[in-house]
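Colleague: Please take a close look at the metal site and its surroundings, and describe them in one go.

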Amino acid sequence: MDLRRCAINSITVPSLTLPHLLTALSGRGIPALAPWRDLIAPYGAVTAGRMIRDAGLSISSLCRGGMFTATDATMRRAAIEDNRRAIEEADELGTDVLVLVCGPVVDRDPDGSRTMIHDGIEAILPYAREAGIRLGIEPLHPMMAADRSAVTSLGEAVDLRAAIDDPALGVIVDLYHVWWEDGLADQICRAAGHILGLHISDWVVPIQGQLSSRGMIGDGVIDIAGVTEQVLAQEYDGFVEVEILSDHWWSQTPEHTLDVIRDRFQQL
Ligand code: ZN
């Protein structure tokens with residue numbers, strides 16, 4: 001794939017500060033960055049956005065808002081406030097997409113938790129619309145239902161988007177989370193026009209832990225090229241974001257990790 005489509009999610013090389021990351025990306029011809037909020041926090045969103053643009057890079061999205069589920073109403077209100085701040089940061093940073101990791105099952109109640117997520121998204125949508133920010137629901141693999149997201153399939157994310165049906169709401173397709181899904185191609189078609197991000201990494205057997213054993217592009221079982229092609233065929237013209245949370249790759253030098261990503265991306 002053309003490197004001009006490539007974005008790097010900052011969690012892929014977490015040891016780099018923002019200035020070092022910008023130098024590393026621009027030196028490799030990688031044109032875009034998806035920062036996590038903690039990466040830009042030391043500089044403030046306005047300054048960080050200027051630094052990224054001054055380096056000649058684009059911003060594919062800000063990672064992340066969400067986490068709407070909580071056992072009591074005070075905590076759920078705090079989550080809404082935090083999402084308001086995340087929307088402001090996205091606006092100040094100069095991106096128009098905020099990724100939502102929606103929050104885990106709480107109170108041993110998956111359906112009730114999904115209702116909290118629905119209500120939480122509805123509560124922050126007015127702020128997103130006002131700021132011109134689009135919210136991308138990112139479904140996570142079901143193994144993360146108890147600690148990160150009760151929304152566990154692309155089909156479910158598309159249903160949730162359709163139930164709320166707001167132009168500022170879309171979905172994120174992260175192949176690590178949805179590659180296994182029955183009828184994935186159909187769900188990608190259903191998401192057409194509402195796909196706000198495409199995240200790629202690979203699933204290498206056996207996984208060593210649910211959070212940080214993602215594989216390098218091409219090392220695992222996911223048909224990354226095939227599914228990417230399906231997404232690009234659905235009016236998705238954004239970046240293809242490489243997001244590899246991996247103890248193995250975090251133990252390598254970030255320069256080496258980025259070199260391998262660049263090569264593998266171009267081989268896709
Ligand atoms: Zn992702």
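Modeller: What follows goes from the metal outward to the elements around it. This is a predicted model, in which local features need pLDDT of at least 70 and side-chain atom pairs count only at pLDDT 80 or more, while totals for chains, interfaces and linings use all residues. Residues are numbered from 1 along each chain as its sequence is written, and side-chain values use heavy atoms, with hydrogens and water left out.

Four residues coordinate the zinc ion at 2.0 to 2.2 Å: Glu-138 through OE, Asp-174 through OD, His-199 through ND1 and Glu-243 through OE (donors are N, O and S atoms within 2.8 Å of the metal, or 3.2 Å for Na, K and Ca; water is not among the atoms, so sites may look incomplete). The arrangement is irregular because the angles between the four donor atoms run from 83 to 150 degrees, whereas four donors count as tetrahedral if all angles lie between 85 and 135 degrees, and as square planar if opposite donors are over 155 degrees apart and all others between 65 and 115.

Along the sequence, the donor residues follow the spacing E-x35-D-x24-H-x43-E. Glu-138 and His-199 link distant parts of the chain, 61 residues apart. Glu-138 lies in the loop between strand S6 (134-137) and helix H6 (154-164), and His-199 in strand S8 (residues 195-200) (helices, H or I of at least four residues, and strands, E of at least two, are DSSP runs numbered from the N terminus). Both Glu-138 and His-199 are buried (under 20% relative accessible area, with a 1.4 Å probe and protein chains only).

Strand S8 is also among the elements that cover the buried residues of helix H9 (residues 224-232) (contact means heavy atoms within 4.5 Å). Those residues are Ile-224, Gly-226, Val-227, Thr-228 and Val-231. The cover also includes strand S7 (169-174), helix H7 (175-178), helix H8 (184-190) and strand S9 (240-242).

How values were computed: Four donors count as tetrahedral if all angles lie between 85 and 135 degrees; four count as square planar and six as octahedral if opposite donors are over 155 degrees apart and all others between 65 and 115; anything else is irregular. Buried means under 20% relative accessible area, exposed over 50%, partly exposed in between (1.4 Å probe, protein chains only).
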